[in-house]
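With the model open in a viewer, please follow the stops below in order, making each selection before reading on.

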Amino acid sequence: FIKLLTFLTMVGLSFAPIGITGQVLMFATTLTVFMVSEIKWKHFFSTLKLAVFMWVILSLIFTFTYTSGDYYFMIGNTPVSVYSVHLTLHTTLRIWTILLAGTVFTKTTSDGDIAWAFTTLIYPLKLVRIPVERIGTTLSMALNFIPQITYDLKEITKAQRSRRINSSKSKIVCWLKGIITIFTPLFVLIFKRALTTSNAMTIGGYDLDIKKTKYKKHKFTFR
């Protein structure tokens, strides 16, 4: 629960007007926590790839949006303004900080604990008759299915490539055909697995309206 609150606080501070210096300090703090957590560096480079992708997209948007004021150089007839460059770097650093903090949170917390923390966070909504337990159960099941879906996606991609259906071709039409041939069987497997899980829960007498028992209790104590 504390991890979830910390992560949400980091997200909130990332969009607060703390300036580039404050954002750099937040990123340095998040990176330090990442290193202390002993998470594999491949996850760091995964967030880096997403950050670079967002930098490219934001550069294109901000360069053609903010053209007034001082500029560094010209791209054709379009000036690359100082403000657009600084805004792009600042926004990219915000996104990278959030991605890195989210990676630390998800890789150091079990799926069950994430669902429990989220359910505890939104528990006051139960006063207005929002089904908090159902939301928590749905989230927990969704998180448990993510690794299996990732595995299925890799296996289907390998199977399609062995049939010479390559989804990584540069041509758009071939790429779209490859995507369709991958995601169609993936969605079929997802719905089949959901139906199997639903039938198993029904046969087991699972009832969402009955008060749930806890596998383990979370208590705050002083050491």
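The tour goes from the overall fold to a pocket, a salt bridge, a surface patch and two loop residues.

**Whole chain.** Begin with a cartoon of the full protein, bearing in mind that this is a predicted model. The secondary structure amounts to seven helices and two strands, and, read from the N terminus, the elements follow the order α-α-α-β-β-α-α-α-α. If you then colour by relative accessible area, 26% of the 223 residues count as buried.

**The second largest pocket.** Next, select Thr-106, Lys-107, Asp-111, Ile-114, Leu-143, Ile-146, Pro-147, Thr-150 and Lys-154, which line the second largest pocket, and display a surface around the opening, whose volume is about 350 Å³. Which helices each supply at least two residues of this lining? They are α4 (82-107), α5 (111-121) and α6 (132-162), and of the contributions to the lining that of α6 is the most, with five residues. Colouring the lining by class gives four nonpolar, two polar and three charged residues.

**Along α6 to a contact with α7.** Stay with helix α6 and pick Phe-145, which has its place in that helix and, at 25% relative accessibility, is partly exposed. Draw a C-alpha to C-alpha distance from Phe-145 to Ile-190: the two are 45 residues apart in sequence, yet the distance in space is 9.0 Å.

Now show the side chains of Asp-152 and Arg-193, which meet in a salt bridge with an N to O distance of 3.0 Å. This pair joins distant parts of the chain, since Arg-193 belongs to helix α7 (residues 172-203) and Asp-152 to helix α6, with their positions 41 residues apart in sequence. As a general point, side chains of opposite charge can pair when their charged atoms come close. The count of salt bridges in the model comes to one. Are the two partners buried or exposed, or something in between? Asp-152 counts as buried because its relative accessible area is 8%, under the 20% cut-off, whereas Arg-193, with a value of 23%, is partly exposed.

**A nonpolar surface patch.** Turn next to the surface and select Val-52, Trp-55, Val-56, Leu-60, Phe-64 and Leu-89, which together make a nonpolar patch of about 580 Å². Helix α3 (residues 41-65) provides the largest share of this patch, five residues. One residue to centre on is Leu-60, which lies in helix α3; Leu-60 counts as exposed because its relative accessibility is 51%, and the class begins over 50%.

**Two loop residues with positive phi.** Finish with the backbone torsions at two loop positions. The first selection is Glu-38, found in the loop between α2 (19-36) and α3, where phi is near 60°, a positive value in a residue other than glycine. With a relative accessibility of 72%, Glu-38 is an exposed residue.

For the last selection, move to the loop between α5 and α6 and choose Arg-129. What is the phi value of Arg-129? Phi is near 65° there, again positive in a residue that is not glycine, and Arg-129 is exposed, with a relative accessible area of 80%.

Technical notes: Residues are numbered from 1 along each chain as its sequence is written. This is a predicted model: local features need pLDDT of at least 70, side-chain atom pairs count only at pLDDT 80 or more; totals for chains, interfaces and linings use all residues. Side-chain values use heavy atoms; hydrogens and water are left out. On a 1 Å grid over the protein atoms alone, a cavity is a set of points where a 1.4 Å probe fits but cannot get out, and a pocket is an open set with protein on both sides within 12 Å along at least five of seven lines; lining residues have an atom within 4 Å of a point. Grid points are joined across faces, edges and corners, and a volume is the space filled by probe spheres set on the points. Helices (H or I, at least four residues) and strands (E, at least two) are DSSP runs, numbered from the N terminus. Ala, Val, Leu, Ile, Met, Phe, Trp, Tyr, Cys and Pro count as nonpolar, Asp, Glu, Lys and Arg as charged, and the others, Gly among them, as polar. A salt bridge is a side-chain nitrogen of Lys or Arg within 4 Å of a carboxyl oxygen of Asp or Glu. Buried means under 20% relative accessible area, exposed over 50%, partly exposed in between (1.4 Å probe, protein chains only). Patches are made of residues with over 30% relative accessible area and no salt bridge: like charges are joined within 9 Å, nonpolar side chains (Val, Leu, Ile, Met, Phe, Trp, Tyr) within 5 Å. Accessible areas come from the Shrake-Rupley method with a 1.4 Å probe; for residues, only the protein chains shown count as cover.
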